[in-house]
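User: I'd like to practise reading a protein model with you. Could we go through some features one by one, with the general idea first and then the case at hand?

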Amino acid sequence: VVLLKVPWERAEGKLPFVLRLVDADGHPVVLEGKPVGLRQELGIGRRAQVPAGVPIDASFNLNLGPMTLPPGRYRWVLEIGDEAASTGFSVVSRKA
């Protein structure tokens with residue numbers, strides 16, 4: 001789940017974004033010949049009750065299915081316009 005605080009001025013339209021998975025070196029993760037991620041638009045509406053200048057909450061969820069990644073460090077990168085946010089995680093090997 002992704003929760004965004006969209007500036008009031010940017011509401012009432014489409015907000016294009018890119019979400020991608022990168023490895024520890026910042027290279028795109030490729031599975032089955034394709035980079036893992038997506039490029040989409042999020043429709044943002046503004047209710048009449050929201051005063052001008054108040055950020056608008058927008059959320060969406062992703063269901064990417066299972067991925068088999070080799071052990072290592074990874075980072076999800078979300079890019080919206082000229083802004084980016086990211087969060088990292090690690091995959092460890094199971095020892096028998």
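User: Where is Leu64 found?

Analyst: Happy to start there, and please keep in mind that this is a predicted model. Leu64 is found in the loop that runs between β6 (56-60) and β7. For exposure, we look at relative accessible area, where the partly exposed class lies between 20% and 50%. Leu64 counts as partly exposed because its relative accessibility is 40%.

User: Which residues make the nonpolar surface patch with Leu64?

Analyst: Leu62 and Met67 join Leu64 there, and the patch comes to about 210 Å². For the whole surface, the protein exposes about 7,200 Å², with carbon and sulfur atoms supplying 51% of that area.

User: Let's step back to the fold. How many helices and strands are there?

Analyst: The secondary structure comes to zero helices and eight strands. Read from the N terminus, the order of elements is β-β-β-β-β-β-β-β. The radius of gyration is 17 Å, well over the 12 Å that the globule rule gives for 96 residues, so the protein is more spread out than a compact globule. The C-alpha trace spans about 60 × 25 × 25 Å along its principal axes.

User: What share of the residues is buried?

Analyst: Buried residues make up 25% of the 96 residues. Contacts give another view of the fold: of those with a separation of 6 or more, 62% are between residues 24 or more positions apart.

User: Now the strands. In which sense do β2 and β7 pair?

Analyst: To read a pairing, follow the bridges from one strand to the other. Strand β2 (residues 13-23) and strand β7 (residues 72-80) pair in the antiparallel sense, over six bridges. As one place to look, Leu21 stands opposite Trp76 in β7.

User: And how many bridges join β7 and β8?

Analyst: Nine bridges join β7 to strand β8 (residues 83-91), again in the antiparallel sense. Gly72 has Val91 in β8 as its bridge partner. The hairpin of β7 and β8 has two residues between the strands, and Gly81 in this hairpin takes a positive phi near 60 degrees.

User: Which residues other than glycine have a positive phi?

Analyst: Two to look at are Glu12, with a positive phi of about 65 degrees, and Glu32, with one of about 50 degrees. Glu12 is found in the loop between β1 and β2, while Glu32 is in the loop between β3 (30-31) and β4 (34-35). Their exposure classes can be read as before. Glu12 counts as partly exposed because its relative accessibility is 48%, and Glu32 counts as exposed because its value is 82%.

User: How many salt bridges does the count come to?

Analyst: The count comes to two salt bridges. Lys5 forms one with Asp57, and their closest N and O atoms are 2.6 Å apart. Lys5 lies in strand β1 (residues 2-6) and Asp57 in strand β6, so this pair ties together parts that are 52 residues apart in sequence. Lys5 counts as exposed, at 57% relative accessibility.

User: What does Arg20 form a salt bridge with?

Analyst: Its partner is Glu79, and the closest N and O atoms of Arg20 and Glu79 are 2.8 Å apart. This pair links distant parts of the chain, with Arg20 in strand β2 and Glu79 in strand β7, 59 residues apart. Arg20 is partly exposed, with a relative accessible area of 29%, and Glu79 counts as partly exposed at 27%.

Methods. Residues numbered from 1 in each chain as written. Predicted model: local features only at pLDDT ≥ 70, side-chain atom pairs only at ≥ 80, totals over all residues. Heavy atoms only, no water. Pairing = 2+ DSSP bridges. Helix = DSSP H or I, 4+ residues; strand = E, 2+ residues; numbered from the N terminus. Patch = residues over 30% accessible without salt bridge, like charges linked within 9 Å, V, L, I, M, F, W, Y side chains within 5 Å. Areas by Shrake-Rupley, 256 points an atom, 1.4 Å probe, with all protein chains shown as cover. Salt bridge = Lys/Arg side-chain N within 4 Å of Asp/Glu carboxyl O. Buried < 20%, exposed > 50% of the residue type's maximum accessible area, 1.4 Å probe, protein only. Rg over C-alpha atoms; globule rule 2.2 N^0.38 Å. Contact = heavy atoms within 4.5 Å.
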